[in-house]
Protein chains: 2
Amino acid sequence: MATLSPLHGLRLALATTRNWALVGTIIMLGACAFAPTPHGTADLATVIARADGQVAILDTTAGQWTGKINGLGDLSHASIVYARDGRQAFVFGRDGGLTKIDILSHTILARSMQAGNSIGGAISQDGKLVAVANYEPGGVRVFDSETLKLVADIPTFIGDGPDRSKVIGLVDAPGNRFIFTLWDAGEIWVADFSSSNKPAIKRYDNIGTNPYDALITPDGRYYIAGLFGEDGMAMLDLWHPEHGVRRILDHYGKGENRLPVYKMPHLEGWAMAGNRAFVPAVGHHEVLVIDTRNWKEVGRIPVHGQPVFVMAHPDGKHVWVNFSVPDYDTVQVIDTESLKITGELKPGTGVLHMEFSPRGDQVWLSVRDENKVIGYNPYTLEPIAELPLPSPSGIFMSHRAGRIGL
Amino acid sequence: MATLSPLHGLRLALATTRNWALVGTIIMLGACAFAPTPHGTADLATVIARADGQVAILDTTAGQWTGKINGLGDLSHASIVYARDGRQAFVFGRDGGLTKIDILSHTILARSMQAGNSIGGAISQDGKLVAVANYEPGGVRVFDSETLKLVADIPTFIGDGPDRSKVIGLVDAPGNRFIFTLWDAGEIWVADFSSSNKPAIKRYDNIGTNPYDALITPDGRYYIAGLFGEDGMAMLDLWHPEHGVRRILDHYGKGENRLPVYKMPHLEGWAMAGNRAFVPAVGHHEVLVIDTRNWKEVGRIPVHGQPVFVMAHPDGKHVWVNFSVPDYDTVQVIDTESLKITGELKPGTGVLHMEFSPRGDQVWLSVRDENKVIGYNPYTLEPIAELPLPSPSGIFMSHRAGRIGL
């Protein structure tokens with residue numbers, strides 16, 4: 001080591017000092033960047049850009065992206081739920097990745113490859129637990145929403161055997177419960193975390209062949225599973241679990257002139273408006289109208305193609321429908337009172353998802369093949385913003401933080 | 001200056017370095033402190049401390065106050081609505097004060113003494129307009145939600161004359177409309193701001209004597225006004241304004257053995273659960289059960305006192321009821337299916353307000369005479385937090401930002 005004069009020492013000190021101050025400043029500015037931007041969360045949405053493993057944050061008031069979060073893995077068929085504060089969200093990737101993100105600072109807070117193959121998740125009513133539905137290994141894993149530490153592992157054994165069933169249709173229900181179906185076993189399970197993190201599990205068997213998706217009504221009362229292997233649907237009334245699972249809509253999925261089914265409709269896309277549910281028909285160019293007081297079909301509305309999502313406007317006066325290939329360039333609007341089609345949009349090829357702002361002043365559409373997300377005024381059908389995003393799919397408004405089953 | 005050895009120089013350098021780093025850190029931490037706190041908004045609530053002209057911000061996840069905002073004037077009978085972002089809120093004081101607050105930074109963003117005497121307000125569906133119902137001078141004033149600049153002034157003249165009516169029952173409705181009643185004129189007015197800030201106004205007259213309060217159903221379809229001067233209620237179906245206002249619940253307010261009415265019940269406190277509305281009876285120890293398909297009374301539930309608010313748990317299985325003096329130390333829980341009372345709490349004297357967390361894991365009560373706000377688990381009725389606050393009254397969860405009519 002060369003000798004240093006005192007001056008050299010001081011110069012070095014100052015140089016070092018400046019650097020340290022700079023480093024400190026950079027570190028602290030970095031920390032500030034992690035602190036929130038001056039924005040609330042209630043008017044933000046997350047949008048999945050599935051080709052890029054990216055989630056974009058949409059400011060629905062400004063009609064602009066506020067930022068993007070990368071590195072989220074395989075986001076095909078990904079979904080998002082929100083923490084209690086509406087700021088933190090949980091991204092469920094198809095590859096088993098569970099990622100906790102901060103939608104204000106656009107950062108990843110925690111990430112876990114919790115399984116090999118997953119299909120969505122849910123957050124408990126009290127916000128403390130996040131559950132993931134896994135195909136491989138079959139089961140549900142439940143994590144502390146703060147730390148993403150494993151809290152409970154629920155392997156879904158088929159019968160008494162060693163084989164596990166794939167899990168699907170996982171939702172939260174009131175009373176800190178998670179509900180899900182077993183694809184390979186034809187069962188519905190209710191895991192009750194209200195007393196402790198060792199859940200009380202109730203199994204309902206023989207619900208039908210290959211439940212492929214499920215929904216829970218907005219009040220959290222009825223859990224309804226669609227069946228891939230047979231017609232009809234399986235319904236559990238959570239106010240009366242003692243009545244067991246009963247079959248509804250015996251003809252759901254049936255039909256003499258059934259067309260090839262291009263895509264099984266999403267059940268999360270059932271629209272509830274007043275006493276009616278508006279339900280995509282399987283393999284038909286129809287939306288079914290169901291009376292939710294007795295769960296009987298009371299009407300069919302001819303539409304442009306095979307419906308995928310049927311979404312209710314928050315005011316209940318209209319439902320919006322998108323379609324599977326080859327009709328996925330079109331969205332139709334149905335009046336829930338007259339049951340007539342009152343509007344139609346052609347936003348572009350590949351309309352995958354629609355999401356209303358919570359009070360219904362806006363609706364946002366993902367148009368995958370055009371690489372854009374478009375916002376509309378749902379009353380005038382005029383566009384309000386068009387934003388570029390590679391291969392957008394699911395759109396999730398943050399008000400879901402306050403909704404049962406979302 | 002003493003000569004320094006190279007070693008001294010290095011020591012000094014390091015010492016100075018540490019100080020600079022420390023100073024930088026302190027400066028930047030200071031800057032960070034002015035930046036918003038690291039919190040979302042979806043789990044926050046505002047609570048009015050009316051004796052002190054103060055609003056306290058409640059973190060419902062932590063069960064703690066995050067801060068208080070002072071200088072809000074006369075907050076007796078005050079109410080709060082939220083901006084689209086859930087972070088900014090508008091406080092309507094009794095003294096005509098309209099104050100825009102930031103619930104993360106705990107600051108006043110803007111304030112206007114917009115009238116002499118006011119009774120609540122609303123925010124438009126698109127979040128751009130804030131309307132205030134005024135007694136003096138009688139009318140509605142509408143402000144830009146960003147700047148609080150006056151956008152529209154709607155004086156409520158009685159008939160064609162120069163006198164103005166007091167305004168009450170102001171709510172927002174889908175399609176950027178505000179709806180309100182004229183106490184002195186017996187009218188309902190609909191002000192439609194969907195096309196411009198010069199509203200199209202539609203007047204409905206002869207609705208009944210002295211409408212004293214009103215509500216709008218959660219989907220924004222039915223506007224219902226209570227009548228102080230006669231029995232029955234006035235209802236406008238906003239899907240069919242061409243049908244005009246019709247009378248429902250002819251006997252509402254009537255009864256052979258009517259007791260002295262200590263406090264007119266709040267209509268905002270109607271609970272909608274499934275096809276039923278649970279409504280406080282006027283001057284009776286009863287909650288009325290209404291079928292919302294035909295707006296007929298279908299039952300009466302005997303309760304502990306004269307009900308003031310009847311609030312539905314978000315899961316629709318129970319409604320909670322509080323009472324007017326002298327029974328305002330009690331809260332009762334009614335099962336909406338069996339119509340039986342299934343729970344009772346005695347939180348203390350002066351239970352003025354109840355508010356559920358949006359997914360129903362908590363309920364928060366203002367206990368005025370005990371100067372505290374208490375949170376409960378509504379399933380177990382166990383308290384989860386008890387927080388001091390002088391004379392608390394209204395509690396407003398921020399998820400109201402995403403609800404029609406709230």
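# A pocket, a loop and a threonine pair

The lining of the second largest pocket mixes 13 nonpolar, 19 polar and 15 charged residues. Here Ala, Val, Leu, Ile, Met, Phe, Trp, Tyr, Cys and Pro count as nonpolar, Asp, Glu, Lys and Arg as charged, and the others, Gly among them, as polar. What you're looking at is a predicted model, where local features need pLDDT of at least 70 and side-chain atom pairs pLDDT 80 or more, while totals for chains, interfaces and linings use all residues. Residues are numbered from 1 along each chain as written, chains are lettered from A and ligands numbered from 1 in written order, and side-chain values use heavy atoms, leaving out hydrogens and water.

Back to that pocket (an open set of points on a 1 Å grid over the protein atoms alone, where a 1.4 Å probe fits, with protein on both sides within 12 Å along at least five of seven lines). Its volume is about 1000 Å³, counted as the space filled by probe spheres set on points joined across faces, edges and corners. Of its 47 lining residues (those with an atom within 4 Å of a point), the closest to the centre are D126(A), G127(A), K128(A), N176(A) and D361(B). Strands β5 (88-92) of chain A and β31 (383-388) of chain B each supply at least two residues of this lining.

Now take chain A as a whole. You'll find 1 helix and 32 strands there, both being DSSP runs numbered from the N terminus (helices H or I, at least four residues; strands E, at least two). Of the 406 residues in chain A, 61% are buried, meaning under 20% relative accessible area with a 1.4 Å probe and protein chains only. Look at the contacts (heavy atoms within 4.5 Å) in chain A with a separation of 6 or more, and 42% of them link residues 24 or more positions apart.

T41(A) sits in the loop between α1 (6-34) and β1 (44-49) of chain A. T41(A) counts as buried because its relative accessibility is 1%. Leaving aside residues up to four places away in sequence, T41(A) touches residues of both chains, including D85(A), R87(A), L104(A), G40(B) and D85(B). The side chains of T41(A) and T41(B) are joined by a polar contact of 2.6 Å, that is, a pair of N or O atoms within 3.5 Å, one able to donate a hydrogen and the other to accept it; residues adjacent in sequence count only if both atoms are side-chain atoms.

Over in chain B, I103(B) lies in the loop between β6 (97-102) and β7 (107-113). With 0% relative accessibility, I103(B) is therefore buried as well. Among the residues touching I103(B), beyond those up to four places away in sequence, are L44(B), I57(B), Y82(B) and S398(B). Follow the chain to Q114(B), 11 residues apart from I103(B), and the C-alpha atoms are separated by 22 Å.

Definitions and conventions: Buried < 20%, exposed > 50% of the residue type's maximum accessible area, 1.4 Å probe, protein only.
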